[in-house]
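Please read these notes with the model open beside them. They go from the whole chain down to single residues.

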Amino acid sequence: MKSLKTQREYVAAQKSFDKAEYYHVLGILNRLLDVDKDPRHYALLGATLVKLRMKTEAAQAFQVAGEQESRHRLKYLREAMRLHFANNDDISLLRIGAKILNEALADPDMAMLMSGALMRQEMDGIEAFQKTLAESDNAEHRRFSIRSIRLATRTEAEHKLIVDTFEREPEDKILRNYYLTIMRDVNNYEVIDKYDPILEEEIAAGRIEPFLDEISLYNIRWCTNEKVNAIAGAARVRKPAGITARRHAMPHNWGDKIRVGYLSADLWTDHAVMKAFRGVLEAHDRSKFDITLFCNASEKTLKDSNAAVRENWGRIVSIRNMTDDEAVEAVKAANIDILVDLQGHTAETRVPIMNQLTAPVHVTWLGYPGTVVNVDIDYLIADRTVVPETSFPNYYEKICWMPETFFPNDAIHRSLPRKIDRSMCRMPQNAFIFSCFHTHWKISRTTLDLWIRILKATPGSYLFLICKETFGSRKNLLKGFTDAGIASERILFGDRVLDYSAYLDRIALTDLGLDTYPYNGHTTTSEKLWCGLPMLTFKGVNFASRVSESLLNAVGLPEMVCDTTDDYVNRAVHYFKNREELQEIRTRLEENRFIKPLFDAERFCRHLETGYEMMVDRAKAKLKPDHFAVPALPPREAPFSTRTA
């Protein structure tokens, strides 16, 4: 039984709390806790410290309250976990959750906090909480159960969870985003056909709120409206107010060399970005530029998927196990002049680091084909094809126009295709084979319909595709063709091969490459052209749908860029019927490979360095970033390489 004095003191503290006399509350509780460590006293202390914006101390007070026997024990621990989460103290949160795991697994609020902490720490175990969240009466819990799923590596159970959750809540447009993402990912054209007109109607009517929560990368996979591309994912990242002006006003010590920092998780040889970027990275003029790689790749990835001595690329700073604050300090310690994000809003990105005061110049380039919403970036490196001047209003960054193409390539570390027999790849010997080596999710309904038209107009031809069996993708894709009357035998499926040289050999066996829309090939388009395979694309209306046009122009094949979809179909049919003409293009492509700019990494690097110098000159002069074009070097008069194998 509490003493009467203790009870009166506690009531007085509550009354002072109600009157917002928080320091008076602290005085009373200080006396009380000396004689009675009642959990209610610690809980009131926690609530008071919250009002005084002392959230770290408040979390500790609620945690002490919850560690004692009380009918409100879980309530107190839940509040401690909430405050730890707000304080970014995931470890303390997870320690509490581990002690009451059964309760946390059954309590949606705790499950959401545990999932959020595990996500931020990139730890396993999130799936244990997904069912609890998905079955909650709270819509935010249900949404979070789906947000916690890593879509690119989802399990069968997680795939089903997304479908089931949406089917229970078909009017929830946030859940719809995720549902449609995985339906596009598995080429379910029946679902796509049902919802695409609805999405188009919403966009036309200006009802774009649901897209604020859509993952940016998945939005540009299907949506060609640049205004929507620019706001997709805006609710997922917060840019601090006034951060750009504060960063530009920072004092900075410039050196004799320009110090460039590249920020990415993709800095390993087997990644598609490095297949493009490696030659440029190795070509940097070390007498003028100091290079640091801020690498977010895991140790396992570097062990299993990297074949280079990365120290030859620059100084390596691993930020994988750093918090954002620690990574920012690492950038500052290197006194970086230009911090270049190579990922945008893609998997394992650390681009939010750029929302802190890191370097005088912030740049984004290469890994994400579009503007990067809610991130403090000065420049996006592009070219006049992928980002024409008419697109400027839909970009947050100022554009640095490269003179020939924004996309680099490597002619040093790629093998040239070897002559092998088609039978090695189960391809018919004398048939005309169209091909697309892009990942299967790029095969949109628009792309499928165009290919169906081409196949119907070219009897006896085949189409070779890369498509995983995952979640029924190959079955769905084949159904799309057969429902339109295309015999299944004419669709040749291949799997990814680990041997990169063998992969390139296979590309060269086919006759004509076909691009996808609206998400063009990037590295895969480059690989086709490297292998001497002519390919067709058509003019797009946003960055992702203009990439192949940029690459074809840079390799001297502008005639392979079609003006319209009808032109795309007609040209494919024309080359099927005029194979000598196609062979002439192939011969010219093979000659252009070592003359034109596309695979000229050294030339690209000199242009890139000029761009960096122009950015630094503006920053030193205290001028705000602005659009500019990098001047082109004189054209090559001789091949830049004599490689023949």
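1. Contact, as used throughout, means heavy atoms within 4.5 Å. On that basis, among contacts in the protein chain between residues at least 6 apart in sequence, 67% join residues at least 24 apart.

2. On the source: this is a predicted model, in which local features need pLDDT of at least 70 and side-chain atom pairs count only at pLDDT 80 or more, while totals for chains, interfaces and linings use all residues. Residues are numbered from 1 along each chain as its sequence is written, and side-chain values use heavy atoms, with hydrogens and water left out.

3. Overall dimensions. The protein chain has a radius of gyration of 28 Å, which agrees with the value near 26 Å for a compact globule of 645 residues. That radius is taken over C-alpha atoms, and the globule rule is 2.2 Å times the number of residues to the power 0.38. Along the principal axes, the C-alpha atoms fill a box of roughly 105 × 60 × 45 Å.

4. Secondary structure and surface. The protein chain has 27 helices and 14 strands; these are DSSP runs numbered from the N terminus, with helices (H or I) of at least four residues and strands (E) of at least two. Of the 645 residues, 56% count as buried. Buried means under 20% relative accessible area, exposed over 50%, and partly exposed in between (1.4 Å probe, protein chains only). The accessible surface is about 28400 Å², and 51% of this belongs to carbon and sulfur atoms. These areas come from the Shrake-Rupley method with a 1.4 Å probe; for residues, only the protein chains shown count as cover.

5. Charge. There are 88 positive and 90 negative side chains, and the centres of the two sets lie 3 Å apart. Lys and Arg count as positive, Asp and Glu as negative; His and the chain ends are not counted. The place of a charge is NZ of Lys, CZ of Arg, CG of Asp or CD of Glu.

6. Nonpolar cores. A core here is a set of buried Ala, Val, Leu, Ile, Met, Phe, Trp, Tyr and Cys residues joined through side-chain atoms within 4.5 Å. The largest has 115 residues, and Tyr262, Trp365, Phe481 and Tyr612 have the most contacts inside it. Helix α27 (residues 601–620) gives the most to this core, with 8 residues. A second, separate core of 40 residues includes Ala80, Leu113, Ala117 and Leu133. Leaving aside residues up to four places away in sequence, Tyr612 touches Ile258, Val260, Tyr262, His284, Phe289, Ile338, Val340, Trp365 and Ile381.

7. Helix α21 (residues 473–483). Its buried residues include Asn476, Leu477, Gly480 and Phe481. The buried residues of α21 pack against three helices and two strands: α12 (173–185), α13 (189–204), α20 (445–456), β9 (462–466) and β10 (491–494). Gly485, just after α21, takes a positive phi of about 95 degrees.

8. Helix α24 (residues 547–554). How many of its residues are buried? In α24, 7 of 8 are, among them Glu549 and Leu552. Their packing partners are β6 (379–383), α23 (523–530), β12 (535–538) and β13 (561–562). Just after α24, Gly556 has a positive phi of about 80 degrees.

9. Two buried hydroxyl residues in helices. Ser16 lies in α1 (residues 4–18) and counts as buried at 5% relative accessibility. Apart from neighbours within four places in sequence, Ser16 is in contact with Glu21, His24, Val25 and Ile28. Thr165, in α11 (residues 156–168), is buried with a relative accessible area of 1%. With the neighbours up to four places away set aside, Thr165 touches Ala134, Arg142, Ile146 and Leu175.

10. Backbone points to check. Most residues other than glycine have a negative phi, and most peptide bonds are trans. Asn88, not a glycine, has a positive phi of about 60 degrees; Asn88 sits in the loop between α5 (73–86) and α6 (90–99) and is exposed, at 54% relative accessible area. Leu366 also has a positive phi, of about 85 degrees. Leu366 lies in the loop between β5 (361–364) and β6 and is buried, at 8%. A cis peptide bond, with omega about 10 degrees, joins Tyr517 and Pro518; Pro518 is in the loop between β11 (512–514) and α23.
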